[in-house]
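This briefing goes through one protein model, from its overall make-up down to a few charged side chains. Keep the sequence and the 3D view open while reading.

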Amino acid sequence: IRNPTLIASLITSRKAYEEEKRILEDAMKNAPGDQGTTPEDIKLLQEQIFKLKHFGKSLQNIFIQIENNKKKLAQHCYEEVPVPVQRRETKQKWINRRKHGFTIWTPLQGYGKIVWNSLGFH
């Protein structure tokens, strides 16, 4: 079963993907030197931002709050929680007894003893 509109849209998507891939590969080839950002570079930029005249102190306070919240969340996420134990109720055995011509279902007392006796062990 062939759907021509689906095939056409897939071909268009593939062409767009190949064009984007080609552009990214060209940009990576033409990049001067090593463009990688190191953690030291980020730390230096952060210190420069914190030294800004008008908003540096506010940005530093925001950053500190974010870091503190991350620590609190990390502690909360790894807190041990005991697994609840589920206990099954034991099934009660019932027996059909006749009283005054009526059938009455009553709990069977001493179930193991009755079975033991019915097997001929006394």
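Helices and strands are DSSP runs, of at least four residues for a helix and at least two for a strand, and they are numbered from the N terminus. Counted this way, the protein has 4 helices and 2 strands. The model is a predicted one.

**Overall make-up**

- Read from the N terminus, the elements follow the order α-α-α-β-β-α.
- The protein has 122 residues, and 3% of them count as buried.
- A residue is called buried when its relative accessible area is under 20% and exposed when that area is over 50%, with partly exposed in between.
- The accessible surface of the protein is about 12600 Å².
- Carbon and sulfur atoms account for 59% of that surface.

**Salt bridges: the count**

- A salt bridge here is a side-chain nitrogen of Lys or Arg within 4 Å of a carboxyl oxygen of Asp or Glu.
- By this rule there are 4 salt bridges.

**The pair Arg14 and Glu18**

- Arg14 and Glu18 form a salt bridge through their side chains, with an N to O distance of 3.1 Å.
- Both residues lie in helix α1, which covers residues 4–29.
- Arg14 and Glu18 are 4 residues apart, about one turn of the helix.
- Arg14 has a relative accessible area of 56%, so it counts as exposed.
- Glu18 is partly exposed, because its relative accessibility is 40%.

**The network around Arg22**

- Which residues are linked with Arg22 in a network of salt bridges? They are Glu19 and Asp26.
- In the salt bridge between Arg22 and Glu19, the closest N and O atoms are 2.6 Å apart.
- Arg22 and Glu19 are both in helix α1, with a spacing of 3 residues, about one turn of the helix.
- In the salt bridge between Arg22 and Asp26, the closest N and O atoms are 3.1 Å apart.
- Arg22 and Asp26 are also both in helix α1, 4 residues apart, which is again about one turn of the helix.

**Exposure within the network**

- Arg22 has a relative accessibility of 40% and therefore counts as partly exposed.
- Glu19 is partly exposed as well, at 37% relative accessibility.
- Asp26 has a relative accessible area of 30%, so Asp26 is partly exposed too.

Note on methods:
Residues numbered from 1 in each chain as written. Predicted model: local features only at pLDDT ≥ 70, side-chain atom pairs only at ≥ 80, totals over all residues. Heavy atoms only, no water. Buried < 20%, exposed > 50% of the residue type's maximum accessible area, 1.4 Å probe, protein only. Areas by Shrake-Rupley, 256 points an atom, 1.4 Å probe, with all protein chains shown as cover.
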